[in-house]
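Student: I should like to examine how the terms applied to this model are justified. Could we take them one at a time?

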Amino acid sequence: MMTGVMKLIDAHFLLFAAIIFVASILIPLLKLFSLSWFFISVHFHSVKRLKLKTETYRLIKTIGRWSHVDVFTVTVFLPLMHLSGLLAVYVGDALPAFLAVVVLTMIATEIFDPRALWAAYLMEPHE
């Protein structure tokens, strides 16, 4: 994906490069790091930044509904974009790994219960 972003930048399509970078690289990384943060927090019974974690979960849950659009675009529209001599787009070997990240983060987001983040907080005595 980063190669495609760099080619778009070289061709002076900065807006498209930014859209592809955000949708294909930044958002999946945000989801992976956020879900890892949640699972580590639950494992270690962390009660720090619970509101931020909850808002982040809501954000990735909302974004997760649109995650499959990127894979759909790659698999359906790119093979159609072959104009002999002018334009040729080839889907690389990274597509299965990208698809796996999209699918697994969608499943992990659905399976994760954000109430688990608050469980350690609710067990502590409060004044």
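**Salt bridges and burial**

Tutor: In this predicted model, the side chains of Glu-55 and Arg-58 meet in a salt bridge, with 2.9 Å from N to O.

Student: Why is the contact of Glu-55 and Arg-58 called a salt bridge?

Tutor: The N to O distance is 2.9 Å, and the cut-off is 4 Å between a side-chain nitrogen of Lys or Arg and a carboxyl oxygen of Asp or Glu; the pair therefore qualifies. By this rule the count comes to three salt bridges.

Student: What separates Glu-55 and Arg-58 along helix 3?

Tutor: About one helical turn, because they are three residues apart in helix 3 (residues 50-64).

Student: Why is Glu-55 called partly exposed?

Tutor: Its relative accessible area is 46%, and partly exposed lies between the limits of 20% and 50%, so the term applies to Glu-55.

Student: Which residue does Glu-110 meet in a salt bridge?

Tutor: Glu-110 meets Lys-61, at 3.0 Å from N to O. This pair links distant parts of the chain, with Glu-110 in helix 5 and Lys-61 in helix 3, 49 residues apart. Glu-110 has 55% relative accessibility; exposed means over 50%, so Glu-110 counts as exposed.

Student: What makes Thr-105 count as buried?

Tutor: Thr-105 has 5% relative accessibility, and buried means under 20%; hence the term is met. Thr-105 lies in helix 5 (residues 95-111), and its side chain reaches the backbone oxygen of Val-102 at 3.1 Å. Leaving aside residues up to four places away in sequence, Thr-105 touches Lys-31, Leu-32 and Leu-35.

Terms used
Residues are numbered from 1 along each chain as its sequence is written. This is a predicted model: local features need pLDDT of at least 70, side-chain atom pairs count only at pLDDT 80 or more; totals for chains, interfaces and linings use all residues. Side-chain values use heavy atoms; hydrogens and water are left out. Helices (H or I, at least four residues) and strands (E, at least two) are DSSP runs, numbered from the N terminus. Buried means under 20% relative accessible area, exposed over 50%, partly exposed in between (1.4 Å probe, protein chains only). A polar contact is a pair of N or O atoms within 3.5 Å; within protein, one must be able to donate a hydrogen and the other to accept it, and residues adjacent in sequence count only if both atoms are side-chain atoms. Contact means heavy atoms within 4.5 Å.
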